[in-house]
Amino acid sequence: MAYAYERSRLIEERFQKALALIKAKRLNSGQLAAELGVSRPTAHRIVTELRRRGYAIRSVREEDGWQYEIVRNRG
């Protein structure tokens, strides 16, 4: 039982770290994966879960590829 709680806590911390990274700078999925120490597919799943939780994260086309960013409220 303690293991399940610890694992859940670590996953939640990873979500919060991903959110902070995306807020701080634009990252592509490979960069986000490297920062979090996870695979690229896991980085995609993290972003998908953050979107499901209501965070407005969009993919923006840059000169060097796609980057994630938080949509800022206007006003």
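Which helix does A24 lie in? A24 lies in helix α1, where helices (H or I, at least four residues) and strands (E, at least two) are DSSP runs numbered from the N terminus.

Before going on, note that this is a predicted model, in which local features need pLDDT of at least 70, side-chain atom pairs count only at pLDDT 80 or more, and totals for chains, interfaces and linings use all residues. Residues are numbered from 1 along each chain as its sequence is written, and side-chain values use heavy atoms, with hydrogens and water left out.

**Whole chain.** Show the protein chain as a cartoon: three helices and two strands appear, in the order α-α-α-β-β from the N terminus. The C-alpha trace spans about 45 × 30 × 20 Å along its principal axes. Of the 75 residues, 33% are buried; buried means under 20% relative accessible area, exposed over 50%, and partly exposed in between, with a 1.4 Å probe and protein chains only. Contact means heavy atoms within 4.5 Å, and among contacts with a separation of 6 or more, 44% are between residues 24 or more positions apart.

**A24.** Select A24, which counts as exposed because its relative accessibility is 66%. Then add E69: the two C-alpha atoms are separated by 8.9 Å, although the residues are 45 apart along the chain.

**α1 against α3.** Color these two helices. Their axes come within 10 Å and cross at roughly 85°; axes are lines fitted to C-alpha atoms, for helices over the stretch in contact, and angles run from 0 to 180 degrees between N-to-C directions. The crossing therefore makes α1 roughly perpendicular to α3, the class for 65 to 115 degrees, while under 35 is roughly parallel, over 145 roughly antiparallel and the rest oblique. Show side chains for R14, F15, A18, L19 and I22 in α1, which meet T42, I46, V47, E49 and L50 in α3. This contact of α1 with α3 has seven nonpolar, one polar and two charged residues. Here Ala, Val, Leu, Ile, Met, Phe, Trp, Tyr, Cys and Pro count as nonpolar, Asp, Glu, Lys and Arg as charged, and the others, Gly among them, as polar.

**α2 against α3.** Next, select α2 and keep α3: they pack at about 95° with axes 8 Å apart, so α2 and α3 are roughly perpendicular to each other. From α2, pick S29, G30, L32, A33 and L36; from α3, pick R40, A43, H44, I46 and V47. These residues divide into six nonpolar, three polar and one charged.

**The strands.** Select β1 (residues 57-62) and β2, which run antiparallel and are joined by six bridges; two strands pair if DSSP finds at least two bridges between them. The hairpin from β1 to β2 passes through two residues. Find S59, whose bridge partner in β2 is Y68. β2 is largely enclosed by the rest of the structure, because five of its six residues are buried.

**The core.** Which residues have the most contacts inside the largest nonpolar core? They are I22, L32, L36, L50 and I57, in a core of 17 residues. A nonpolar core is a set of buried Ala, Val, Leu, Ile, Met, Phe, Trp, Tyr and Cys residues joined through side-chain atoms within 4.5 Å. α1 (2-24), α2 (29-36), α3 (40-52) and β2 (65-70) each supply at least two residues of this core, and the largest share, five residues, comes from α1. Finish on L32: not counting residues up to four places away in sequence, L32 touches A18, L21, I22, L27, A43, V47 and Y68.
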